[in-house]
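User: I should like to understand the reasoning behind the terms used for this structure. Please set each term against its criterion.

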Amino acid sequence: MESRPLVVVGAGISGTAAAIQAAEVGVSVSLIDENPIPNGMVGMNVPHFFGQSLPPGNESASIETFIPTTVALAEAEELGVDVRLGTCVWGTFRNRENSRLLDGPQVGLADTERSWMMNYERLIIATGARDLSIGFVGWDLAGVMGANGAHSLMNRSANLASRRMVLLGSGNLGLKTAKMALENGIEVVAVVDVSPTVQGDAALVEALRTEGVELFTSHTVKEAAGKNGCIESVVLVGIDDDGEPVAGTEKMVSADIVCLAIGLVPNVELLSLLDCELTFKSEIGGYVPRHDDRMRTSVDDVLVAGDAAGFHDGMIIDPDIARNQGRLAGIAASASLGAIGPTEAEDLMSEIRSEILSQAGAKPTEVHTGWKRWLGSFVKAGGQDVLACPCEGVTRAEIIGLQPPRYLEWGSEQMNRRSLQTQVEDNPANPNQIKRLTRAGTGICQGRRCREQAALLLAEEANTPISEIPLMTYRPPVRPLPLSIMWPDDESEQVRTEWPKWFSPNNKVLG
Ligand SMILES: Cc1cc2nc3c(=O)[nH]c(=O)nc-3n(C[C@H](O)[C@H](O)[C@H](O)COP(=O)(O)OP(=O)(O)OC[C@H]3O[C@@H](n4cnc5c(N)ncnc54)[C@H](O)[C@@H]3O)c2cc1C
């Protein structure tokens, strides 16, 4: 089994900074990143919400374009960091009650050919954030994607084929994505926000207005439509203070892409698997790991950095916060491994902390009221018969009605009486019940597109603050892996022969 004193997951700004900082003081580091992402994964909307309108591409082209866009990676490699690209971390494990025989803390790794385990002494999770997705009528058409997906395709693999973009969200995330789209030759036909005022940086707004971009505040999407499964037009509609569509305000715009830039959610799945304490902080994206001023989580030997520790819109303007958090985590991990003395480490860290304080900018404000407003406006403009979990084909109405997946063709009067309302009368509100009873969240995107929608719907039905809705649990593997990669051995001839027995109507075990 492989083993490394320090493993860093995520070679973005924060993870690379952490790895460099540790390598500089002589720590042996592995820096792991799933980028460039195989086309198959991109097609499954993993890890970002890429949508279905990717141009034909090839992975080697992505590798060629990926490394030069991440300048710091070259520096890390020069310092001797063991950089593993195209390698995902699908699980994190440590010794606990039910895993006492485990040979120390480990991460599960996989590339397109194999899966293996790596031991670590210290682990830094720098996995960034993912797109918040909330569905409107037509959001399952090719051409709908998230800001992170679009950013990744424009910057890292330079293969976002689109001509006319409608952008949802006027925070810095939306404004910056719009600016980036313009720089990539994409026309931005509308920036839309449910709020009555533009949310982001005034200078960015001015820059977009100068380029002729129209901003639609107090508006939402009524529907996106098109032929052959691809978006061709989007109907926008004005909304009042309650999110109700205002008659006579509909406007159809022609577009081939709708980019959801309404929020980012910290990627905490690997931290959750390790039972790192997560607390709900709406202002930085929801559930985030508790950490101290050295970026150490509640679990010994596990640190966090960057957007995974909490995303706020100001970070889009100043990504140096993520870089500095990475440096802090790198120093803290190195000091705990004995590679740097405590006084020197503390001096370096206090310098970085003051830099972070000076970069902090405006205090972030809570985001879930805005997320709720987007969901409410989509419901009022387009109804509840909209897919919430595209992987498993579960609509919002089916989540509210706690209905079993349609493909089971399993209905009954008793089932029809079931709903989130009846469920919360008997049990504390928990999205795991939604997962178990409807299968929303169990598909190949691993719930990345439905988790927040399910939590918001549950909070609404249970009349409970969103902060009191627990996190839907994560289970390894957190990336969709073929069984042949998880375990390369094939079944024996005897097992293969006996398989059909399990599905026989006379099977005594299954009944
Ligand atoms: C629209 C937009 C514009 C931006 N503009 C800028 C800009 O101008 N300048 C700038 O510096 N930054 C920019 N950013 C980045 C932004 O500022 C982020 O705050 C910053 O990237 C955070 O860095 P990070 O290291 O925390 O996360 P990220 O940069 O997101 O890196 C996380 C990495 O972890 C990897 N990862 C996640 N999970 C796994 C796993 N299980 N296994 C393996 N790998 C995994 C991901 O592939 C990713 O590479 C922009 C982002 C967006 C969305």
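**Strands, helices and the ligand shell**

Analyst: Within β6, N119 is the bridge partner of Q106. The model is a predicted one.

User: What makes β5 and β6 a pair of strands?

Analyst: Two strands pair if at least two bridges are found between them. β5 and β6 are joined by five bridges and run antiparallel, so the criterion of at least two is met. A hairpin of four residues connects β5 to β6.

User: How do you know that β5 also pairs with β4?

Analyst: The reasoning is repeated here: β4 and β5 share five bridges in the antiparallel sense. One of the bridges links F93 to Q106 in β5.

User: Why is strand β5 called mostly covered?

Analyst: A residue is buried if 20 or more other C-beta atoms lie within 10 Å of its own. Five of the five residues of β5 (residues 106–110) are buried. In a regular strand, side chains alternate between the two faces of the sheet. In β5, Q106, G108 and A110 lie on one side and V107 and L109 on the other, and all are buried, so both faces are covered.

User: Which partner does strand β12 have, and how is β12 covered?

Analyst: β12 pairs with strand β13 (residues 233–238) over six bridges in the antiparallel sense; T220, for example, has V237 in β13 as its bridge partner. Six of the seven residues of β12 (residues 219–225) are buried, and the strand is mostly covered.

User: What makes β8 and β11 edge strands?

Analyst: Five strands form an open sheet with parallel pairing, in the order β8-β15-β9-β10-β11. β8 (144–146) and β11 (215–216) each pair on one side only, and they are the edge strands. Inside this order, β9 (residues 164–168) and β15 (residues 257–260) run parallel and are joined by four bridges, with I257 in β15 as the bridge partner of M165.

User: Why is α1 described as largely enclosed?

Analyst: Eleven of the twelve residues of α1 are buried, so the rest of the structure largely encloses this helix. Among the buried residues are I13, G15, I20 and A23. Their cover includes β1 (2–9), β2 (29–32), α4 (71–78), β6 (115–125) and α10 (320–336).

User: How do you know that the length of α1 is close to what is expected?

Analyst: At 1.5 Å a residue, the expected span for the twelve residues of α1 is 16 Å, and the span from the first C-alpha to the last is 17 Å, which is close to it. After α1 comes G26, with a positive phi near 90°.

User: Why is G314 called partly exposed rather than buried or exposed?

Analyst: The limit for buried is 20 or more neighbours and the limit for exposed is 12 or fewer. G314 has 19 C-beta neighbours inside 10 Å and therefore counts as partly exposed. G314 is in helix α9 and touches N172, G361, A362 and P364, leaving aside residues up to four places away in sequence.

User: What makes the ligand shell a matter of two domains?

Analyst: Domain 1 (2–131 + 265–359) and domain 2 (133–262) each contribute at least three residues to the shell around the ligand. The ligand is surrounded by 31 residues, the closest being G10, G12, G128, G306 and P319. Elements that give two or more residues to the shell include α1 (13–24), β4 (88–93) and α9 (314–317). By class, the shell has 15 nonpolar, twelve polar and four charged residues.

Methods
Residues numbered from 1 in each chain as written. Predicted model: local features only at pLDDT ≥ 70, side-chain atom pairs only at ≥ 80, totals over all residues. Near = placed C-beta within 6 Å. Nonpolar A, V, L, I, M, F, W, Y, C, P; charged D, E, K, R; others polar. Domains from an automatic or database assignment. Expected span 1.5 Å × (residues − 1). Contact = placed C-beta atoms within 7 Å.
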